[in-house]
Structures are given as structure tokens and as C-alpha cells.
Amino acid sequence: MRVIAGIHKGRQLKAVPGKNTRPTTDKVKEAVFQMLGPFFQGGKALDLFAGSGSLGIEALSRGMDSCIFVDNHPKAIQTIKENVSMLKLDDQVEVFRADAFRALSASAKRRLKFDLIFLDPPYTKVSYEKILEIIESEQLLNSDGIIYCEHDIHDQLPDTYSSLTVKKQTHYGGTIGVTIYQKI
């Protein structure tokens, strides 16, 4: 696992030990960031279900100003902190060990708004619609903000959801589905 582009291009990232996380492959990450940007002119990102932090770190490398990383597993939090420290990104990030729904609630209380939100939960374990509902009701996404959803290929996410509309929907291999929403 490595950073694909930007100021940290080519740097290796540590993976979360064990088999509880499923890292986004470099091939998928490269294709996805071509759809998302591929580079950013600042902004704030949220990497929910962050795992190793690979997606949020890629966004920082490509120009995001800051990123909040959230995961519920201690090994993931430790790995994110190691990757962030290794790349000297400490002043651009916040790392929290928390349930995703609690993290969204805490973000709302802090009146945070994001330009990019990554949702890559364990497949079939989380309701994307429930997460999208909270993001929308708490107004956590800026105008023109983007939500990246990585999901099982058999999950069919809605084409629109409140003020969100599908910008791109595609499949990689036989198991990975990607749906990208943009706030209109």
C-alpha cells in the first residue's frame, strides 16, 4: 500500500495488522482519485471507517488542508497514527477512536463541514442510507462537497438522496462497488 500521487507520492503506508480490515487497493484508489479530483485546492476531509488512513492520507497528499480520521478498532487507530507520523502530517489531522455514528454527532456539535467524506465500512455491516441521512440532516457536507462510498458490488445505493446526486457509479473487479455523491 502506497500514496499514489501528490507531495507524498510513492511513500509506503503501513496496513492494519490482521484480517479485520480490507484496504482499498492502489489500483482502485488511483482510479477513484482520477474521478474525485485528481488534485484539490484545499478543503477538509473526513475519513470514516478509516482503517490504515490510506484514503484520507491520499487526499492530504493531493492538496486537502486537513482530515479527520475515525475508526472503532484500536489497531486501526495505532496504524493511522504511525502513518500520519511517518509522513509528518500531525498538524493537519485529528484521529479519533469512535463509532461512526458517534463521530458524525460529535462533528455536528463542533459545527464542522467537510468538502470530502470517505465511507468505506465493512461490507454489509453498515447502512449507507442511515449514514447519508445523518450527514444530510446535520449538514456536514459543504455545497459541491463529495461523498465517496465503497461497497459490496451487490449493494445498490440510491441515485439521489436528499440534496445528494450520484456523480459516478462503477465497479472494480467482481467485488468492489463505488458510488460517488455530490451535494447539489
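The following legends describe an overall view and several close-up views of a predicted protein model. Residues are numbered from 1 along each chain as its sequence is written, and side-chain values use heavy atoms, with hydrogens and water left out. Because the model is predicted, local features need pLDDT of at least 70 and side-chain atom pairs count only at pLDDT 80 or more, whereas totals for chains, interfaces and linings use all residues.

**Figure 1. Overall view of the protein, with five helices and eight strands.** Helices (H or I, at least four residues) and strands (E, at least two) are DSSP runs, numbered from the N terminus. Along the sequence these elements follow the pattern α-β-α-β-α-β-α-β-α-β-β-β-β. The C-alpha trace spans about 40 × 40 × 30 Å along its principal axes. The radius of gyration is 15 Å, in agreement with the value near 16 Å for a compact globule of 184 residues; this radius is taken over C-alpha atoms, and the globule rule is 2.2 Å times the number of residues to the power 0.38. Of the 184 residues, 52% count as buried, where buried means under 20% relative accessible area, exposed over 50% and partly exposed in between (1.4 Å probe, protein chains only). Among contacts (heavy atoms within 4.5 Å) with a separation of 6 or more, 65% are accounted for by residues 24 or more positions apart.

**Figure 2. Close-up of helix 1 (residues 26-36) and its buried side.** The buried residues of this helix are V28, K29, V32, F33, M35 and L36. They lie on the same side of helix 1, because they cover an arc of only 150° around the axis; the arc is that of the directions from the helix axis to the C-beta atoms. Their cover includes helix 2 (54-61), strand 4 (114-119), strand 5 (141-152), strand 7 (164-172) and strand 8 (176-183).

**Figure 3. Close-up of helix 2, largely enclosed by the rest of the structure.** Eight of the eight residues of helix 2 are buried, namely S54, L55, G56, I57, E58, A59, L60 and S61. Helix 2 is followed by G63, with a positive phi near 120°.

**Figure 4. Close-up of R11 in the segment before helix 1.** R11 counts as partly exposed, at 35% relative accessibility. Leaving aside residues up to four places away in sequence, R11 touches M1, R2, V3, M86 and L87. N83 is 72 residues from R11 in sequence, yet their C-alpha atoms are 9.9 Å apart in space.

**Figure 5. Close-up of the cis peptide bond from G37 to P38.** Omega of this bond is near 5°. P38 lies in the loop between helix 1 and strand 1 (44-48). Most peptide bonds are trans, and most residues other than glycine have a negative phi.

**Figure 6. Close-up of K88 and R111, two residues with positive phi.** K88 is not a glycine, and its phi is about 55°. It is placed in the loop between helix 3 (74-86) and strand 3 (93-97). With a relative accessible area of 67%, K88 is exposed. R111, likewise a residue other than glycine, has a phi near 60° and is found in the loop between helix 4 (100-109) and strand 4. R111 counts as exposed, at 76% relative accessibility.
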